[in-house]
Amino acid sequence: MLQIENLQVEVDGKPILRGLNLDVPAGQVHAIMGPNGSGKSTLAHVLAGKPGYTVTGGSVHFNGRDLLALSPEERAGEGVFLAFQYPVEIPGVNNVYMLKAALNGIRKHRGLPEINAVEFLQQVKAKTAALGLKESLLNRPVNQGFSGGEKKRNEIFQMSVLEPQLAVLDETDSGLDIDALRIVAEGVNQLRDPARSFLVVTHYQRLLDYIVPDVVHVLAQGRIIKSGPRELALELEARGYDWLLQAVA
Amino acid sequence: MDWLAALSREFAPDAAAPYAELRQAALRRVGARGLPTPREEAWKYTDLKPYDGAADAARSQAQPSPLALLETGGPQLVFVDGVLDAARSSLSALPAGVRVRTLSQVLREEPDAIAQAMARYTAEDAQIFAALNAACARDGAVVELAAGATLAQPLVVAFLNTAAATRLFTLPLVVVKAGAQSALSLLELHYGAAGATNHSNALCDIEADTGSRVEHYRLQAEASGAVHIGNLRLGIGRDARVASHSLAFGGRLARLDINAELTAPGGEVVLNGLFQAGAGQHIDHQTRIDHAAPHTTSHELYKGLAGGDGRGVFRGQVLVRKRAQKIAARQASHNLLLSPLAEIDTKPELEIYADDVTCAHGATVGQLDDTALFYLRSRGIAEAEARALLVFGFTQEVVEQVAFEPLRNWLAETLAGSADVPLPERVEVAS
């Protein structure tokens, strides 16, 4: 589903990703771990098409399409979703209004008619309930006045409504207490599906106790330096990253 | 073009009519003074040269039409090119204690009903355009509410301008007297059809007596070839509350001066504003809130948008006099530039002479937040729509304060469509 080959990315002339290779087949959950500054968030942003990053080499294909040639909205239309590390507050635009615009944007990209308003509201209400989100948050401006946990849950809620094929979770666990973490993870697990893949970017293995990955990758100095089964995350938790970095150096 | 000659020719005060002497003297003073120049603080950012320049009717575009607001079935007075359109006006449903007359009728029947306003604006220190209006206005509306009277459904006073106008100037005058404990909602509408090149000089004077409630909406949607200069005065008595919403979208040159006078304890004023200056437009608001009495409150929120090479100006003066203890004043001016060529100047001016007061103010000029734009796009919303959504969101704080639903809906539609206007190409400066 997602194939990244030799990806090289710069920010302000400074190389951040230096030849990254990654293959995520459909239906799998891949975790990306790594020390601070290793390029984890850059990878998440580049996949979603955030401006400000210069791709200097390599390729990213999503279901065979050149992802890097698409605008952020086209990538969403193709089925890519990024759950932000810091979800953005948008004053004056209510949550459900934004979601409807998003869903219709995606449907338009796929040549589908706009969604029926009643049907949309029913879907949305069912999904708020499933994530334990208060319905009142639907009519509040996007993320404004939300607690940290509510913001992260709102990201997962948006994901559940937009039903992406590839969900990139950028440090979704940061700033969450253990209860909020469990709720967010349950939300993600409910969406696991043979046709849907997840790329879970995280600093701590704690999240992976709840969202169990198929493969764990270690990203350091802009490259994947090691990949392994779930147990790799536990080893990293116990031993840190230094032994790996030394082995590479 | 000599604007004063045109004005004097079209609107020479009739020597036999009421207030002839006052009006002639006011017009002479205006003529002797001449137009203000940018050297004067109040006109620093607004050059009045277009006032004297020729307009291009072919390029005068209309704003989205607000004429549906004249179909709500409520009481209304409609003027077209300065003349009453009786067929579209309807005052049959006015409740007891509410009296609405045209200015021309009042001048014929009961000139004393506007004596205070006439004295105020023909005085030597009156602002030049207010004086000009008072000297020359032929028609408009006089609204009087007896003590305790209530007009819940908004009264619409509409001044429509067309390309067929034979006169250059229109001089709408609206005088409102809200008696003690009365309640009034009023929409003052200025609209220009495509091709209109009118010079509007509008004056509105609202006097709110003890305990009264006034909701005043002012929608300025002149055509893009028009010049619109307005003056609004709010006199706010004991325990009275006046909210005035200025929604300004039209004109190549548009200016509104608001003077709110809190003259007795318990008075409260809300100034709520939204302006949008597109390509070729200059929209200027100058507001002045005078806390002349203790225990008075003011809330002011202005939001400005400028696109193309549009230019916006906001100057917010708040004066707290020495005797005005225990007052609260809050002012905010937030502005958004939608193109690299747009400009907005905002200038809060607080003058505080009392020591036991609560005052707060804030002013910002910014651009659409790139992170927010990316957030929306990453959800599948196309860039143009995402921009429109952010602009719409930016204005909501002002729009939500508009209680008159048809107007609020019109605003929402107009604003949702507004950022679709293509932005000019980014100018590359060769190094």
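Trainee: What makes up the contact between chain A and chain B, and how many residues does each chain give?

Mentor: In this predicted model, the contact draws 23 residues from chain A and 21 residues from chain B. On the chain B side, α7 (370–378) and α8 (383–399) each supply at least two residues, and α8(B) gives the largest share, 9 residues.

Trainee: How do you know which classes of residue form the side of chain B that touches chain A?

Mentor: Sorting that side by class gives 9 nonpolar, 6 polar and 6 charged residues, where Ala and Leu, for example, count as nonpolar and Arg and Glu as charged.

Trainee: Why are α7(B) and α8(B) called oblique to each other?

Mentor: The two helices pack at an angle of about 125 degrees, with their axes 9 Å apart. Roughly perpendicular covers 65 to 115 degrees and roughly antiparallel needs an angle over 145, with the rest counted as oblique, and α7(B) and α8(B) are therefore oblique to each other. Their crossing is right-handed.

Trainee: Which residues bring α7(B) and α8(B) together?

Mentor: From α7(B) come B:Ala372, B:Leu373, B:Leu376 and B:Arg377, and they meet B:Glu383, B:Ala386, B:Arg387, B:Leu389 and B:Leu390 of α8(B). By class, this contact between the helices consists of 6 nonpolar and 3 charged residues, with no polar ones.

Trainee: Turning to chain A, what makes β2 and β5 edge strands of their sheet?

Mentor: The sheet is open, and its 4 strands follow the order β2-β1-β4-β5 with antiparallel pairing. Each of β2 (14–24) and β5 (65–66) of chain A has a single partner strand, so one side of each is left without a neighbour in the sheet.

Trainee: How do you know that β1(A) and β2(A) are paired?

Mentor: Pairing requires at least two bridges between the strands, and 8 bridges join β1 (residues 2–11) of chain A to β2(A), the two running antiparallel. Within β2(A), A:Arg18 stands opposite A:Gln8.

Trainee: Where does helix α1 of chain A lie with respect to these strands?

Mentor: Helix α1 (residues 40–48) of chain A lies across β1, β2 and β4 (54–62) of that chain, and runs at about 70 degrees to β2(A).

Trainee: Why is chain A described as being as compact as a globular protein of its length?

Mentor: Chain A, which has 9 helices and 12 strands, has a radius of gyration of 18 Å, close to the 18 Å that the globule rule gives for 249 residues, so the chain is as compact as a globular protein of that length. Its C-alpha trace spans about 60 × 40 × 35 Å along the principal axes.

Methods:
Residues are numbered from 1 along each chain as its sequence is written. Chains are lettered from A and ligands numbered from 1 in the order in which they are written. This is a predicted model: local features need pLDDT of at least 70, side-chain atom pairs count only at pLDDT 80 or more; totals for chains, interfaces and linings use all residues. Two residues are in contact if their C-beta atoms, placed from the backbone, lie within 7 Å. Axes are lines fitted to C-alpha atoms, for helices over the stretch in contact, and angles run from 0 to 180 degrees between N-to-C directions. Angles under 35 degrees count as roughly parallel, over 145 as roughly antiparallel, 65 to 115 as roughly perpendicular and the rest as oblique. A crossing is left-handed if the near helix is turned anticlockwise from the far one by less than a right angle, and right-handed if clockwise. The radius of gyration is taken over C-alpha atoms; the globule rule is 2.2 Å times the number of residues to the power 0.38.
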